[in-house]
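Good morning, and thank you for coming. Today I would like to describe how a ligand is held by a protein, and I ask you to look at the structure as I speak.

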Amino acid sequence: MSKFGFIGVGNMGSALAKAVSKKVSAENILLSDYSKEKAENFAKEIGAVAADNQTVAKEARYIFLGVKPQVINSVLSELCDTFAKRDSRFVIVTMAAGVEISKIEEALNKTYPIIRIMPNTPACIGEGMILYSPNSEVLENEKNEFLKAMSLCGKLLQLDEKLINAATAVSGCGPAYVDLFIEAMSDAAVACGLPRNVALELSAQTVKGSAALVQELKKSPAELKDAVCSPAGTTIQGVRALEEAGFRGAVMNAVIAAYEKSFKL
Ligand SMILES: NC(=O)c1ccc[n+]([C@@H]2O[C@H](COP(=O)([O-])OP(=O)(O)OC[C@H]3O[C@@H](n4cnc5c(N)ncnc54)[C@H](OP(=O)(O)O)[C@@H]3O)[C@@H](O)[C@H]2O)c1
């Protein structure tokens, strides 16, 4: 079995490593982070091996870069010589928002097999949405091994790299928008008299159930919304209040703002 290495195990790197650890044996997962203690504690938690950046770059077949876009260049320049000296094949997996594969190649002065991914944090419980875009250097068997290791992250979908920034703005950033919605709905439920824990359970389960309905019934959200708005009923009044506040426009603006920002990272 190939080794899977993670450089940077913050929010996203750790979510992916956790899911990969359910498919790949512990001794084949290497974790490294700027904070050695963070890598060691997380390695203990998921039963993987703590390492440093150079060891990951030397030994892993799949090297996940889980650092912020602002520091990816300094990490790549630190690893550049190690990559150049390797005689075994390896695949770089980058998740940095807004950083194109061509920028990674430029920083490394060479074309390597690279898979650009755009994951999201629900991957840590197997409910993520992971878009991936391999460059032409990635072999079919490498793509298949990568997909097998990632299979418990959630849904995996290959996407043309030019659409990754759009995906970033929807599924990459989306958990934050949904969390805001769940929080607001819970606050309102508390204002209406429900205990906080009940309010949160109702709000989160409603979001989860409604999303599942869209996926399973394959109906448009508009159709599903119409079906629950009875004439002269309560729900249509709630919908009216959301429309008056510009809810749909606000959500569209959020996605477009994130999309535009992804070109400026
Ligand atoms: N968070 C998301 O929902 C999400 C979604 C999609 C894509 N992404 C992408 O995932 C990447 C990571 O984001 P994140 O939210 O997980 O950030 P994060 O929580 O800050 O994690 C980044 C980790 O990398 C570590 N690090 C920094 N410099 C390093 C170095 N030179 N060597 C090794 N480790 C280093 C950081 O350590 P310190 O904290 O000690 O600096 C931190 O633990 C980003 O490129 C982001 O665009 C994130």
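Before we begin, one convention: Ala, Val, Leu, Ile, Met, Phe, Trp, Tyr, Cys and Pro count as nonpolar, Asp, Glu, Lys and Arg as charged, and the others, Gly among them, as polar. Please also bear in mind that this is a predicted model.

Let us start with the shell around the ligand. By that convention, this shell contains 11 nonpolar, 7 polar and 3 charged residues. In total, 21 residues surround the ligand, and the closest are M12, D33, K38, N53 and V67.

Which polar atoms of the protein approach the ligand's nitrogen and oxygen atoms? The side chain of N53 has an N or O atom 2.9 Å from a nitrogen atom of the ligand. A polar backbone atom of Y34 lies 3.0 Å from a ligand nitrogen atom. For K68, a polar side-chain atom is 3.2 Å from an oxygen atom of the ligand. On its own, the ligand has 890 Å² of accessible area, and the protein covers 78% of it.

Where does the ligand sit? It takes up the space of the second largest pocket, whose volume is about 780 Å³. This pocket is lined by 32 residues, and M12, G66, V67, K68 and P69 lie nearest its centre. The lining comprises 15 nonpolar, 13 polar and 4 charged residues. Helix 1 (11–20), helix 4 (72–85) and helix 7 (164–172) each contribute at least two residues to that lining.

Notes
Residues numbered from 1 in each chain as written. Predicted model: local features only at pLDDT ≥ 70, side-chain atom pairs only at ≥ 80, totals over all residues. Heavy atoms only, no water. Near = heavy atom within 4 Å. Polar contact = N/O pair within 3.5 Å; in protein donor to acceptor, adjacent residues only side chain to side chain. Areas by Shrake-Rupley, 256 points an atom, 1.4 Å probe, with all protein chains shown as cover. 1 Å grid on protein atoms, 1.4 Å probe; cavity = no way out; pocket = protein on both sides within 12 Å on 5 of 7 lines; lining within 4 Å. Sits in = over half its atoms within 2 Å of the grid points. Points joined across faces, edges and corners; volume = space filled by probe spheres on them. Helix = DSSP H or I, 4+ residues; strand = E, 2+ residues; numbered from the N terminus.
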